[in-house]
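Reader: Please take a close look at the salt bridges of this structure, and then at the parts of the chain around them. I would value a connected account with residues and distances.

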Amino acid sequence: MAIITLRRPGQHNRIDPDDPAVLLQHIEQVRAAPSVRLLVLTGEGEKTFCSGYTLGQIGARLDRSLEQMLDALESIEIPTLCAMNGSAYGGGTDLALACDFRIGVRGCRLFMPAARFGLHYYPGGLRRFVTRLGCSASKKIFLTGMTMDSEELLRTGFLTELVERDELQPQIDLYRDNIARCDAQAVRSMKRHINAISAGEWDEAFGRAAYEASMSSEETVRRLAKVAELTAR
């Protein structure tokens, strides 16, 4: 398991203009490490996971580096988990949504101020919200600027799990341990196909080929034989 921690608790773990390149470098290092089965993204402190891009720099230095980093996080082959130690605002909401799973602590909140700034959100972020949360929830988040509490975040699907603060680490460990029991290649393949289905870029022949390849793999044969042996006892 690899962990990336945002470490500006005094500034609500904001993202400064130079940070996307650093985060992207960390993501690529994880991508190149075959032994890593889970990437966890979290923030320091107990108040805020991430407050998004530095507001004073949005007009001056907001280029595509943030969006490219988030797309890289979304597309990394291994499972990703956002441990939301606190609330998420602005781009911090998309940083969490780019992960496969989001475990939030009770009391965390979400606030998207883009419309209040007169800012049309970047395309990748809108796509993630609509494909993952649906049209209605995305409209409430972006068109009203209303704050959503942790219970609503769980209900709309933004959060995968909602836990008490002292349960956050045990829940992360639970995901880590169960992912470790799965075949790494099968997990990578199914994540790739699930993402393709969500993006409307998948066809049945593509899925059938992956299924048939897994059925003939040595690892699948070994695992199935082990299960058969255990059930025969």
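Author: A salt bridge here is a side-chain nitrogen of Lys or Arg within 4 Å of a carboxyl oxygen of Asp or Glu. By that criterion, the side chains of Glu 74 and Arg 127 form a salt bridge, with an N to O distance of 2.8 Å. Glu 74 belongs to helix α3 and Arg 127 to helix α5, so this pair ties together parts of the chain that lie 53 residues apart in sequence. The model is a predicted one, and the distances and areas quoted below are computed from it.

The two partners are not covered to an equal degree: Glu 74 has a relative accessibility of 11% and counts as buried, whereas Arg 127, at 34%, counts as partly exposed. Buried means under 20% relative accessible area, exposed means over 50%, and partly exposed lies in between.

A second contact joins these two helices. The side chains of Asp 71 and Arg 128 meet in a salt bridge of 3.0 Å, taken from N to O. This pair likewise links distant parts of the chain, for Asp 71 is in helix α3 (residues 65–75) and Arg 128 is in helix α5 (residues 123–133), 57 residues apart. In this case the acidic partner, Asp 71, is partly exposed because its relative accessible area is 25%. Arg 128, by contrast, is buried, with a relative accessible area of 0%. Thus the acidic residue is the buried partner in the bridge of Glu 74, while the arginine is the buried partner in the bridge of Asp 71.

These four residues belong to a wider arrangement. A network of salt bridges links Asp 71, Glu 74, Asp 94, Arg 127, Arg 128 and Arg 132. In the structure as a whole there are 19 salt bridges.

One of the others involves Arg 8 and Asp 16, whose closest N and O atoms are 3.4 Å apart. Arg 8 is partly exposed at a relative accessible area of 25%, and Asp 16 counts as buried at 16% relative accessibility.

The loop between β1 (2–6) and α1 (19–31) also deserves attention. His 12 is placed in this loop and has a positive phi of about 60°, although it is not a glycine. Asn 13 lies in the loop between β1 and α1 as well, and its phi is also positive, at about 50°, again without the residue being a glycine. Their surroundings differ in cover: His 12 is partly exposed, with a relative accessible area of 32%, while Asn 13 is buried at 0% relative accessibility. A polar atom of the Asn 13 side chain lies 2.9 Å from the backbone oxygen of Thr 48.

Thr 48 leads to the sheet, since its bridge partner in β5 is Ser 87. Strand β3 and strand β5 (residues 87–89) pair in the parallel sense over two bridges. They are part of an open sheet of four strands in the order β3-β5-β7-β8, with mixed pairing. At the edges stand β3 (48–50) and β8 (148–149), each with a single partner strand, so one side of each has no neighbour in the sheet. In general, the strands of a sheet pair through backbone hydrogen bonds, in either a parallel or an antiparallel sense.

The loop between β4 (80–84) and β5 holds Asn 85, which counts as buried at 3% relative accessibility. Asn 85 and Glu 67 are 18 residues apart in sequence, and their C-alpha atoms are 23 Å apart in space.

A last region offers a contrast in chemistry. Ile 197, Trp 202 and Phe 206 make a nonpolar surface patch of about 270 Å². Phe 206 is partly exposed, with a relative accessibility of 35%, and its place is in helix α10 (residues 204–215). The N-terminal end of α10 is capped by Asp 203, a side-chain oxygen of which lies 3.1 Å from the backbone nitrogen of Ala 205. Helix α10 has twelve residues and reaches 16 Å from its first C-alpha to its last, close to the 16 Å expected at 1.5 Å a residue.

Key. Residues are numbered from 1 along each chain as its sequence is written. This is a predicted model: local features need pLDDT of at least 70, side-chain atom pairs count only at pLDDT 80 or more; totals for chains, interfaces and linings use all residues. Side-chain values use heavy atoms; hydrogens and water are left out. Patches are made of residues with over 30% relative accessible area and no salt bridge: like charges are joined within 9 Å, nonpolar side chains (Val, Leu, Ile, Met, Phe, Trp, Tyr) within 5 Å. Accessible areas come from the Shrake-Rupley method with a 1.4 Å probe; for residues, only the protein chains shown count as cover. Buried means under 20% relative accessible area, exposed over 50%, partly exposed in between (1.4 Å probe, protein chains only). The expected span of a helix is 1.5 Å times one less than its number of residues. A polar contact is a pair of N or O atoms within 3.5 Å; within protein, one must be able to donate a hydrogen and the other to accept it, and residues adjacent in sequence count only if both atoms are side-chain atoms. Two strands pair if DSSP finds at least two bridges between them.
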